[in-house]
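Biologist: I have a model open and some questions about it. Can you take me through it?
Modeller: Go ahead, one topic at a time.

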Amino acid sequence: MQVDNPDLFPESVVSLPRLGWRLQRLEVCNWGTFNRKVFLMSPEGGWTLLVGENGSGKSTAVDALRTLLVPPRIVKDSYNDASGATKGKDRTRRSYILGAWASEGQEDSARGVTKYLRTEQDISTLLAVFSNARLKKSVTLAQLLWLSGTAVHDLFAISQGDRSIKDDMSDLGAGLVRDFKTKLEKRNFEVYKSFSGYAARFTGLMGIPSEEALQVFNQAIGVKDVADVNTFIRRHM
């Protein structure tokens with residue numbers, strides 16, 4: 001609980017830990033323009049204002065978080081909506097994995113050629129740590145994403161504790177699911193080949209009531225402007 005004037009409240013109330021599961025840290029590697037190293041965003045369970053110039057990666061970070069929490073069939077149509085751009089215009093899991101960053105014109109074509117930072121041999125890693133101060137517990141959610149031809153492959157992992165990409169998800173080898181799964185399990189991750197099994201586990205651990213709650217989160221996180229709160233609540237909740 002946070003208060004503007006702590007003198008108005010007993011010390012025992014002011015010092016109470018925050019309720020619920022809160023984002024402690026988001027980590028991404030090889031996701032969009034976050035290239036070749038681990039990038040961190042650390043809200044530490046509090047309110048966080050994410051600011052930056054156009055193209056600095058704000059929507060890319062938001063899309064990493066929603067990829068960890070929202071079913072692929074839903075999130076694929078929502079990428080980049082926080083920027084106010086047309087949904088699905090130029091962001092996909094494939095473009096994020098490859099690191100699309102520019103479009104280069106061609107003399108003999110009206111269409112530009114997309115330029116990428118990475119190749120199909122590279123793996124994208126997403127990780128988020130959620131903590132519950134009242135329960136004194138942490139849960140880490142993670143995903144590996146890679147390409148094979150036009151297909152996007154993914155693997156989902158959960159750990160009851162505070163884990164990191166650098167310490168716990170590096171040196172996994174090439175893009176073979178069985179190798180990833182074996183190595184992650186040896187590192188005390190629970191590994192899932194489908195989002196449904198992964199989601200059932202983390203929603204149970206974190207007390208999230210249903211997949212509908214994840215859909216509400218997906219809609220709310222991308223809101224650019226709320227003209228009327230009542231309309232928003234009726235439509236999304």
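Biologist: What volume does the largest pocket have?
Modeller: The largest pocket has a volume of about 1600 Å³. A pocket here is an open set of points on a 1 Å grid over the protein atoms alone, where a 1.4 Å probe fits, with protein on both sides within 12 Å along at least five of seven lines. Grid points are joined across faces, edges and corners, and the volume is the space filled by probe spheres set on the points.

Biologist: Is this predicted or experimental, and what filters apply?
Modeller: This is a predicted model; local features need pLDDT of at least 70, side-chain atom pairs count only at pLDDT 80 or more, and totals for chains, interfaces and linings use all residues. Residues are numbered from 1 along each chain as its sequence is written, and side-chain values use heavy atoms, with hydrogens and water left out.

Biologist: Back to the pocket. How many residues line it, and which lie nearest its centre?
Modeller: The lining has 42 residues, and Met41, Leu50, Val62, Leu65 and Ile221 lie nearest the centre. A lining residue has an atom within 4 Å of a point.

Biologist: Which element supplies the largest share of that lining?
Modeller: Helix 2, with seven residues. Strand 1 (22–31), helix 2 (58–69), helix 4 (93–98), strand 3 (100–106) and helix 8 (211–221) each supply at least two. Helices (H or I, at least four residues) and strands (E, at least two) are DSSP runs, numbered from the N terminus.

Biologist: How many of the lining residues are nonpolar, polar and charged?
Modeller: There are 23 nonpolar, 14 polar and five charged residues in the lining. Ala, Val, Leu, Ile, Met, Phe, Trp, Tyr, Cys and Pro count as nonpolar, Asp, Glu, Lys and Arg as charged, and the others, Gly among them, as polar.

Biologist: Zooming out, how many helices and strands are there?
Modeller: The chain has nine helices and eight strands. Of its 237 residues, 38% count as buried, meaning under 20% relative accessible area; exposed means over 50%, and partly exposed is in between (1.4 Å probe, protein chains only).

Biologist: Which residues have the most contacts inside the largest nonpolar core?
Modeller: Trp31, Phe130, Leu141, Tyr198 and Phe202, in a core of 34 residues. A second, separate core has 16 residues, including Cys29, Trp146, Leu155 and Phe180. A nonpolar core is a set of buried Ala, Val, Leu, Ile, Met, Phe, Trp, Tyr and Cys residues joined through side-chain atoms within 4.5 Å.

Biologist: What is Leu141 in contact with?
Modeller: Leaving aside neighbours within four places in sequence, the partners of Leu141 include Leu68, Leu69, Leu126, Phe130, Ile158, Tyr198 and Phe202. Contact means heavy atoms within 4.5 Å.

Biologist: Ala64 next. Buried or exposed?
Modeller: Ala64 is buried, because its relative accessibility is 0%. Ala64 lies in helix 2 and, again leaving aside neighbours within four places, is in contact with Val28, Trp31 and Leu126.

Biologist: And Arg163, where is that?
Modeller: Arg163 is in the loop between strand 7 (151–159) and helix 5 (165–168). Its relative accessible area is 13%, so Arg163 counts as buried. Outside four places in sequence, the contacts of Arg163 include Glu27, Asp168 and Arg187.

Biologist: I flagged Asn30 and Lys136 on backbone angles. What is phi of Asn30?
Modeller: Phi of Asn30 is near 60 degrees, a positive value in a residue other than glycine. Asn30 sits in strand 1 and is buried at 7% relative accessibility.

Biologist: And phi of Lys136?
Modeller: Near 55 degrees, also positive in a residue other than glycine. Lys136 is in the loop between strand 5 (124–132) and strand 6 (137–148), and is exposed at 77% relative accessibility.

Biologist: Last one: what does Asp171 touch?
Modeller: Not counting residues up to four places away in sequence, Asp171 touches Lys183 and Arg187. The C-alpha atoms of Asp171 and Lys183 are separated by 9.3 Å, and the two residues are 12 apart along the chain. Asp171 lies in the loop between helix 5 and helix 6 (177–186) and counts as exposed, at 67% relative accessibility.
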